[in-house]
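Please look over the two-chain model below. The report covers its chain contact, its salt bridges and a few selected residues.

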There are 2 protein chains.
Amino acid sequence: MFQVFFTHLQEKVVLSANEQALIKTYFTPKKLRKKQYLLQEGDVCRYFVFVENGLLRSYNVDEKGNEHMIQFAWEGWWMGDIYSFLSGELSTYNIDSIEDAELLMITLAGFEEMMLKVPVMERYFRILFQNNIISKERRLINSISYSAEEKYTRLAAANPQLIQRIPQNLIASYLGITPETLSRVRKNLSNKK
Amino acid sequence: MFQVFFTHLQEKVVLSANEQALIKTYFTPKKLRKKQYLLQEGDVCRYFVFVENGLLRSYNVDEKGNEHMIQFAWEGWWMGDIYSFLSGELSTYNIDSIEDAELLMITLAGFEEMMLKVPVMERYFRILFQNNIISKERRLINSISYSAEEKYTRLAAANPQLIQRIPQNLIASYLGITPETLSRVRKNLSNKK
DNA sequence: AAATGTACTTGATCTAGATCAAGTGCATTT
DNA sequence: AAATGCACTTGATCTAGATCAAGTACATTT
């Protein structure tokens with residue numbers, strides 16, 4: 001259950017057996033079936049979760065009922081509404097699973113205590129967040145700078161696994177375009193070849 | 001020269017006088033005149049910089065010559081191309097100053113050594129990056145979910161200082177809309193009142 | 001196996017925002 | 001003080017992508 005987790009941690013920091021054992025105690029495993037919610041808007045995000053396997057998504061729903069994909073997370077990724085998690089404010093996010101998933105969950109109290117007891121986790125999260133900023137910044141540049149077709153081809157180039165694994169209508173939403181436009185963009189690209 | 005800097009640090013972590021003295025040694029002060037470059041595309045981003053005062057911007061320039069604002073940074077903010085800084089790869093970013101600025105610069109070697117010598121800086125940057133993720137995620141949601149008018153009003157609500165301090169054409173670029181559209185949006189909003 | 005639902009495609013139309021173009025008012029340079 | 005150059009505005013037109021609508025193909029439920 002902690003296999004992917006510790007593999008992922010050890011890619012960024014070195015952990016002793018003692019530290020690993022201690023870290024484990026802060027997490028609660030949880031299984032989530034396809035389509036089940038982990039968080040619904042209006043609730044507080046009480047857990048920051050690591051995905052051992054499976055696939056989750058987070059999204060907002062606007063006044064017209066349209067979903068806007070914020071993030072996808074599969075094996076080795078973290079998921080949550082960090083703002084709500086840290087501040088205790090109500091979340092506007094929905095989080096549910098696209099595929100059956102196994103998760104490791106930590107509360108805010110656990111998160112904070114773990115940092116004090118296992119200081120190397122400060123380093124781990126510093127590096128994790130650092131990388132996250134880089135990818136969010138890229139997505140942002142993509143979003144403000146390019147046409148629908150370019151957004152898609154750049155995403156496909158930077159993140160081919162995402163294209164294979166995520167349904168097309170969710171990719172469209174992730175890019176901020178309609179499913180119809182994405183369908184036409186793809187048709188267009190396949191004709192070009 | 002380090003006033004804003006240590007005030008900012010102490011908002012997030014506690015530092016002894018010794019730690020402060022040691023931290024200082026890793027930074028080089030620099031003054032940057034209005035319109036001067038700190039980084040040009042094609043160069044490697046050798047410094048991560050803290051803005052003591054003044055105002056910087058980072059942006060990409062696309063094939064058509066259009067600028068796309070990535071970030072603004074004034075007193076108390078950090079600026080750089082984190083990806084290029086950490087990886088040593090060439091940057092696509094340009095960074096220059098909108099207002100005369102005083103900066104504190106650290107190299108990658110300095111950054112890494114500082115983390116080892118003053119471990120509480122891991123915590124500082126973890127918290128800094130954490131907050132940065134929250135604001136980038138908001139900007140991203142704004143970008144994929146809303147109309148030009150909504151993008152502007154939401155930015156103005158979340159970040160009124162930005163509206164006051166940044167020229168309108170740069171705000172337009174930051175939002176991913178044209179200056180003409182932003183001008184019309186503002187006219188429209190002032191008529192509504 | 002039938003029925004229902006959902007993802008995706010394709011076509012027709014509409015519209016928000018881009019583009020192009022000209023004009024105004026400041027600020028900076030000479 | 002004149003001249004040059006931006007930032008911003010306003011108008012006219014164009015277009016990429018949204019919306020609306022219908023049809024097809026799987027997948028899931030009953």
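What follows is a short report on this predicted model.

## The contact between the chains

Chain B and chain A bury about 3400 Å² between them. Carbon and sulfur atoms give 63% of that area. The contact takes 36 residues from chain B and 36 residues from chain A.

Polar terms are present too. Between chain B and chain A there are 6 salt bridges. Across this interface, 9 residue pairs are in polar contact, counting pairs with both residues at pLDDT 80 or more. On chain B, the side that touches chain A draws at least two residues from each of these elements: strand S4 (67-74), helix H3 (82-87), helix H4 (108-117), helix H5 (120-145) and helix H8 (168-175). Of these, H5(B) gives the most, with 18 residues. By type, this side of chain B divides into 19 nonpolar, 8 polar and 9 charged residues.

One residue of helix H5 of chain B serves as an example: B:Ile144. Is B:Ile144 buried or exposed? B:Ile144 has a relative accessible area of 10%, so it counts as buried. Its contacts reach across to chain A. Among them are A:His68, A:Met69, A:Arg139 and A:Ser143. The list also includes A:Ser173, A:Tyr174, A:Leu175 and A:Gly176.

## Salt bridges

Over all chains, the structure holds 18 salt bridges. The table gives four of them, with the N to O distance.

| Partner 1 | Partner 2 | N to O distance |
|---|---|---|
| A:Glu122 | B:Arg126 | 2.8 Å |
| A:Glu99 | A:Arg165 | 2.9 Å |
| B:Glu122 | A:Arg123 | 2.4 Å |
| B:Glu99 | B:Arg165 | 3.0 Å |

Start with the salt bridge between A:Glu99 and A:Arg165. A:Glu99 sits in strand S6 (residues 94-106) of chain A and A:Arg165 in helix H7 (residues 160-165) of chain A, so the pair ties together parts that are 66 residues apart in sequence. Both ends keep some accessibility: A:Glu99 is partly exposed at 27% relative accessible area, and A:Arg165 is partly exposed at 26%.

Next comes the salt bridge of B:Glu122 with A:Arg123. B:Glu122 belongs to helix H5 of chain B and A:Arg123 to helix H5 (residues 120-145) of chain A, so this pair joins two chains. Its ends can be read one by one. B:Glu122 is buried, at 5% relative accessibility. A:Arg123 is partly exposed, at 28%.

Chain B has a salt bridge between B:Glu99 and B:Arg165. B:Glu99 lies in strand S6 (residues 94-106) of chain B and B:Arg165 in helix H7 (residues 160-165) of chain B, so the pair ties together parts that are 66 residues apart in sequence. B:Glu99 is partly exposed, with a relative accessible area of 28%. B:Arg165 is partly exposed as well, at 26%. Elsewhere, A:Arg57, A:Glu67 and A:Asp96 are joined into one network by salt bridges that share partners.

## Cysteines

How many disulfides does the structure hold over all chains? The count is 0. A:Cys45 is buried, with 4% relative accessible area. B:Cys45 is buried too, at 4% relative accessibility.

## Selected residues of chain A

A:Ser84 is part of helix H3 (residues 82-87) of chain A. Its relative accessible area is 0%, so A:Ser84 counts as buried. Where does the side chain of A:Ser84 reach? It comes to 2.6 Å from the backbone oxygen of A:Glu89. Beyond its sequence neighbours within four places, A:Ser84 contacts A:Asp43, A:Val44, A:Cys45, A:Glu89, A:Leu90 and A:Ser91.

A:Asp43 lies in the loop between strand S2 (37-39) and S3 of chain A. A:Asp43 is partly exposed, at 41% relative accessibility. Leaving out neighbours within four places in sequence, A:Asp43 touches A:Ser84, A:Leu90 and A:Ser91. From A:Asp43 to A:Lys30 the C-alpha atoms are separated by 19 Å, and the two residues are 13 residues apart along the chain.

A:Ser58 is in strand S3 (residues 48-61) of chain A. At 1% relative accessible area, A:Ser58 is buried. Not counting residues up to four places away in sequence, its contacts include A:His68, A:Met69, A:Ile70 and A:Gln71. A:Met79, A:Tyr93, A:Asn94 and A:Ile95 are also among the residues that A:Ser58 touches.

Note on methods
Residues numbered from 1 in each chain as written. Chains lettered and ligands numbered in written order. Predicted model: local features only at pLDDT ≥ 70, side-chain atom pairs only at ≥ 80, totals over all residues. Heavy atoms only, no water. Contact = heavy atoms within 4.5 Å. Buried area = accessible area lost by both parts, 1.4 Å probe. Salt bridge = Lys/Arg side-chain N within 4 Å of Asp/Glu carboxyl O. Polar contact = N/O pair within 3.5 Å; in protein donor to acceptor, adjacent residues only side chain to side chain. Helix = DSSP H or I, 4+ residues; strand = E, 2+ residues; numbered from the N terminus. Nonpolar A, V, L, I, M, F, W, Y, C, P; charged D, E, K, R; others polar. Disulfide = S-S within 2.5 Å. Buried < 20%, exposed > 50% of the residue type's maximum accessible area, 1.4 Å probe, protein only.
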